[in-house]
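Student: Could we go through this model together, feature by feature? I would like to learn how each one is read.

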Amino acid sequence: MLEEAPAPSATSGAQEARRAGPATATVVLSVIAVIASLVAIGISIRARSASATSAVPNLGVIEKDFSILAPVATVKGGLVDFTVSNAGPSGHEFLVFRASQAPDALPTGTDGRVDESSDQITKVFDSGANIDPNGSKVFHAALTPGAYVLVCNLPGHYKAGMHLALSVK
Ligand SMILES: [Cu+2]
C-alpha cells in the first residue's frame, strides 16, 4: 500500500505539467488584456488632459524676492488655473484682487500691506498658506472680465515689488 502511494501523486504531477500549457496561454492572454486596458486608459487620460488644457488656461506664475512674473498679461475670462512657483529664497503667498488701480497703487494700511478689506478693491483669491521656496502649487480661480492685480501680501513684500497686473478679457 505504502509503495503504491507515490503513483497517484506522480499522475497528478503529470496532470499539472499537462495543465501548464493552457495555464500559460491564459496568463499570456490576461497580460495582453491588461496591456490593452492600460493603453485604453492612457488614451482616455491623454484625451481628457488635452481637452482640459484647451478649455482652462494655466498661467505659470513665478514668485521670488521680490517680484511676480507671468508669461502673459491678458487671459480669457472664465476658469483660470495658476501654477505658482516660488523661486525663493523666502516663502510667498498668492492673492488676486480685482482692482482698477495701478498694481503699485492699491490701498494699503499703515503697515504698507494691501488693505485686503478695502472697499476700493475686491479680493477674489487667497492662497491662504504660503508657497515654500522651490515649491509650487496649482490654484483654480474663476475670473470675470476686468482688471486684476496679483499680489504677495506678506509684511513688506507688496511694497518691495510683489505685484503684477493681469487683464481678463
Ligand atoms: Cu512674498
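Student: In what order do the strands of the open sheet lie, and what is the pairing?

Tutor: In this predicted model, 5 strands form an open sheet in the order β3-β9-β8-β5-β6, and the pairing is mixed. β3 (74-75) and β6 (122-126) each have a single partner strand and stand at the edges, so one side of each is left without a neighbour in the sheet.

Student: How many bridges join strand β8 to strand β9?

Tutor: Strands β8 (residues 146-151) and β9 (residues 163-168) run antiparallel and are joined by 6 bridges. Within this pair of strands, Tyr-148 stands opposite Leu-166 in β9.

Student: Why does Ser-117 count as exposed?

Tutor: Exposure is read from a count of neighbours, and a residue is exposed if 12 or fewer other C-beta atoms lie within 10 Å of its own. Ser-117, placed in the loop between β5 (95-98) and β6, has 9 such atoms within 10 Å and is therefore exposed. By the same kind of count, Asn-134 is exposed, with 10 C-beta neighbours inside 10 Å; this residue is found in the loop between β6 and β7 (136-143), and has a positive phi of about 65 degrees although it is not a glycine.

Student: Which peptide bonds are cis?

Tutor: Omega is the angle to read here. The bond from Asp-65 to Phe-66 is cis, with omega near -5 degrees, and Phe-66 lies in the loop between β1 (58-64) and β2 (67-69). The bond from Gly-88 to Pro-89 is also cis, with omega near 5 degrees, and Pro-89 is found in the loop between β4 (78-86) and β5.

Terms used:
Residues numbered from 1 in each chain as written. Predicted model: local features only at pLDDT ≥ 70, side-chain atom pairs only at ≥ 80, totals over all residues. Pairing = 2+ DSSP bridges. Helix = DSSP H or I, 4+ residues; strand = E, 2+ residues; numbered from the N terminus. Buried ≥ 20, exposed ≤ 12 C-beta atoms within 10 Å, placed from the backbone.
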